[in-house]
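Here are a few short exercises on empty space and a lone charge in a protein. Grab the viewer and work through them one step at a time.

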Amino acid sequence: MNLPVSLDRRGPVGLITIDNPPVNALSHAVRLGICETLEAAARDDKIHAIVLICEGRTFIAGADIREFGKPLQDPWLPEVLAQLEAMDKPTVAAMHGTVLGGGLETAMCCHYRLAVPTTKLGLPEVNLGLLPGAGGTQRLPRLVGARHALDIMTSGKPIDAASACEWGLIDLVVEGDLPDAAVDYAGQLIENGAGVRRTGDRTVEPVADDFFESYRARIARRARGYQSPWRIIQCVEAAVSQPLAEGLSLERELFLQCRDSNQSAAMRHLFFAERAVARIPDVPKDTPARDIGQVAIIGAGTMGSGIALACLDAGLDVLLLDLDRKTLDKGCEGIRQGLAASVAKGRLDQASMDKSLKRLVPVDEYEALSGADLVIEAVFESMSVKEDVFTRLDSVCRPGAILATNTSTLDVDKIAAATSRPEDVIGLHFFSPANIMKLLEIVRGRETSIDVIASSTQFAKRLRKIGVLVGNCFGFVGNRMLYGYGRENQLLLLEGAAPEYIDQTLFDWGMAMGPNAVGDLAGLDVGYKIRRERTDLPDDPRFYRVADVLAGLGRFGQKTGRGMYLYKDGSRIPIPDPEVSELIRKEAESLAIGQRDIGEQEIIERCIYALVVEGAKILDGGIALRASDIDVVWANGYGFPRFRGGPMFYADTIGLKTVYDTVCRFRDSFGEQYWTPPPLLERLAKEGGTFAAMDED
Ligand code: T1G
């Protein structure tokens with residue numbers, strides 16, 4: 001086997017180089033190669049110190065995630081690292097890029113560590129439903145203390161080289177050529193007779209008696225529903241109180257539990273799904289993209305100013321247009337406050353804020369947009385208003401400019417038809433708050449050209465967002481599925497389930513927020529107006545009945561202090577309102593719907609399977625390229641729990657036969673109108689197939 005690891009000698013220093021693109025993951029071949037080169041270096045009398053370094057864009061970025069879920073081949077990483085740490089010649093990790101997971105665990109088993117200034121270091125296993133399984137939970141606290149170690153491992157966020165040096169994780173930040181600096185450093189170790197220095201021999205600084213209890217309380221909210229953060233704390237507790245060997249064996253046991261869990265399978269699924277969205281069958285990777293330097297945004301409301309902030313954060317020049325001066329000023333002030341908030345949180349320095357504000361130009365006439373490379377319309381959700389905007393853009397924008405609409409539901413082809421250049425029109429559907437939410441639905445129109453699609457996927461990457469290409473239909477992927485989910489919630493209300501009961505059930509199941517609290521946050525008037533514009537609503541008096549009645553009464557939610565819930569004195573805490581329960585009871589009576597006790601399982605199945613049914617229809621209709629794209633949309637745009645992998649992955653874990661049978665039961669109980677199993681679900685259920693396998697075909 002031609003191993004991606006080589007050993008060279010520079011004077012008394014052995015240089016072990018790993019070259020396994022794209023990210024030097026610790027695949028089986030790399031593990032074998034490290035073992036072999038370490039043995040060779042140990043045997044070579046001319047070698048007195050060893051440098052471990054990587055080719056390409058980064059030092060080891062972790063274990064090879066693709067190997068999980070398959071039988072692991074020997075040697076396992078802990079064995080490789082035990083051999084490394086036991087070396088009798090000083091070893092130096094020379095790092096650059098993103099040193100993550102097994103990569104950092106490898107570096108911590110070297111006796112010395114140095115890195116270039118731009119290096120990021122972390123143990124992000126928690127993002128994959130895992131924990132560091134090669135000694136990271138035992139060695140990191142020995143180097144940086146229990147608190148820093150827990151912060152790094154439970155947040156999954158990397159730290160920069162300067163902090164790593166300050167906290168004792170690395171010995172030196174080096175400038176210039178890394179291999180040279182590392183060989184010099186190793187040479188000095190030899191000269192100074194520095195010898196080996198094993199991390200495992202250290203102990204963890206003692207902590208206060210209530211340290212772990214208060215740490216558990218501190219992360220309870222963000223770790224809700226996840227298994228691995230709690231196991232990480234267990235491991236660090238062992239690192240503080242037990243000898244290394246005991247700590248490592250507990251870590252191994254808990255790591256295997258995580259690795260074999262549905263949670264980790266779900267989160268690994270999302271890891272690869274979020275990278276697969278960039279692969280679009282009829283848009284080759286080398287499709288030339290149009291240059292985007294200046295972005296114009298139409299509408300300085302909440303969405304428009306959020307999009308402007310996202311573009312400024314990405315270093316783009318921004319023109320913000322609103323015909324109403326007051327709205328324009330308010331929008332610009334909102335952007336200034338957003339930047340100031342980032343400075344206050346240390347995410348941005350003052351100089352960068354000032355530069356961003358210089359790149360923001362408020363305008364109040366369309367002619368000012370003539371030079372823009374990309375225009376994003378974010379005005380009121382009305383077809384006639386949007387058609388008018390696009391007609392004006394068509395007359396002022398330069399040839400080759402991309403014209404995008406931020407509509408969340410409306411027909412992109414109809415909007416494009418308001419111009420003479422539909423091939424340059426695309427949907428870019430941001431999620432609120434647009435500078436925070438990672439999801440961007442890229443809506444392909446009938447005539448959208450492939451270079452406009454390629455430019456839009458690159459634009460998404462530039463904004464550090466996940467751009468998912470979807471087809472044009474009402475609500476595209478996310479909102480179209482939301483309609484089914486919301487419909488079942490509305491029907492369950494009429495059938496006797498209290499709003500707070502439905503919300504608590506779905507919250508406990510893992511949703512970031514229950515549907516009724518979400519409705520009040522988004523504003524019941526928004527959904528109400530969109531439903532009024534629609535001509536294809538089901539002929540069913542129960543359809544969103546409760547929401548329509550509340551909106552009709554001016555109960556829009558948080559913004560009016562009352563909606564499905566009450567909100568006292570401007571607070572965001574939802575309080576159940578007996579008036580609403582009475583209103584719902586009366587509406588049910590008027591529709592001759594008997595109220596009954598409804599179990600949590602039924603609530604979960606009806607709301608979540610409504611997503612799966614609509615998702616299957618979306619795939620049948622070609623509105624999404626992959627089932628995993630749908631999972632990415634829901635996990636990044638709708639608060640679907642990552643530890644369940646997304647609606648389609650979740651359905652696979654339940655088993656499509658079971659889902660199909662339940663859907664058929666609902667059809668028999670609640671009618672064909674909403675619960676006729678889509679052909680795809682029926683076929684896969686009968687064939688014993690899965691959505692995931694279908695994606696691979
Ligand atoms: N294993 C396998 N493939 C990987 C990989 C990995 N660890 N990391 C990246 N790739 C692939 C990825 O799928 C993509 O492939 C290509 O590399 C470029 O990635 C024992 C248990 C390193 C910051 O969690 O966070 O170690 O799509 O598009 O935006 O304790 O990738 O081109 O075919 O993301 O520049 C811990 C995961 C593993 C890091 C680069 N490590 N990777 O980001 O490029 S668990 C991680 C990342 C572990 C041990 C445990 C990012 C990146 P393709 P990319 P990028």
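A cavity is a set of grid points where a 1.4 Å probe fits but cannot get out, and its volume is the space filled by probe spheres set on those points. Keep in mind that this is a predicted model.

**Exercise 1.** Find the cavities of 30 Å³ or more, and work out what lines them.

Step 1. Searching the whole structure turns up 2 cavities of 30 Å³ or more.

Step 2. Take the largest cavity, with a volume of about 40 Å³. Its lining includes Pro499, Met564, Tyr565 and Asp577. Helix H19 (499-509) and helix H23 (578-590) each give two or more residues to that lining. Sorted by class, the lining holds 5 nonpolar, 1 polar and 2 charged residues.

Step 3. Now the second largest cavity, at about 30 Å³. Glu488, Glu495, Arg542 and Arg606 are among its lining residues, and H18 and H28 each supply at least two. Here the split is 4 nonpolar, no polar and 4 charged.

**Exercise 2.** Describe the second largest pocket.

Step 1. This pocket holds about 360 Å³ of space.

Step 2. Of its 16 lining residues, Arg480, Tyr483, Arg487, Arg534 and Glu614 lie nearest the centre. Helices H18 (478-494), H24 (600-620) and H28 (672-675) each give two or more residues to the lining.

Step 3. The class count is 8 nonpolar, 2 polar and 6 charged.

**Exercise 3.** Where does Asp652 sit, and which side chain of opposite charge is nearest?

Step 1. Asp652 belongs to helix H26 (residues 647-654).

Step 2. Asp652 is buried but has no salt bridge; Arg683, the nearest side chain of opposite charge, is 11 Å away.

Step 3. Beyond its neighbours within four places in sequence, Asp652 contacts Thr690, Phe691 and Ala692.

Methods. Residues numbered from 1 in each chain as written. Predicted model: local features only at pLDDT ≥ 70, side-chain atom pairs only at ≥ 80, totals over all residues. Heavy atoms only, no water. 1 Å grid on protein atoms, 1.4 Å probe; cavity = no way out; pocket = protein on both sides within 12 Å on 5 of 7 lines; lining within 4 Å. Helix = DSSP H or I, 4+ residues; strand = E, 2+ residues; numbered from the N terminus. Nonpolar A, V, L, I, M, F, W, Y, C, P; charged D, E, K, R; others polar. Buried < 20%, exposed > 50% of the residue type's maximum accessible area, 1.4 Å probe, protein only. Lys, Arg positive; Asp, Glu negative; His and termini not counted. Salt bridge = Lys/Arg side-chain N within 4 Å of Asp/Glu carboxyl O. Contact = heavy atoms within 4.5 Å.
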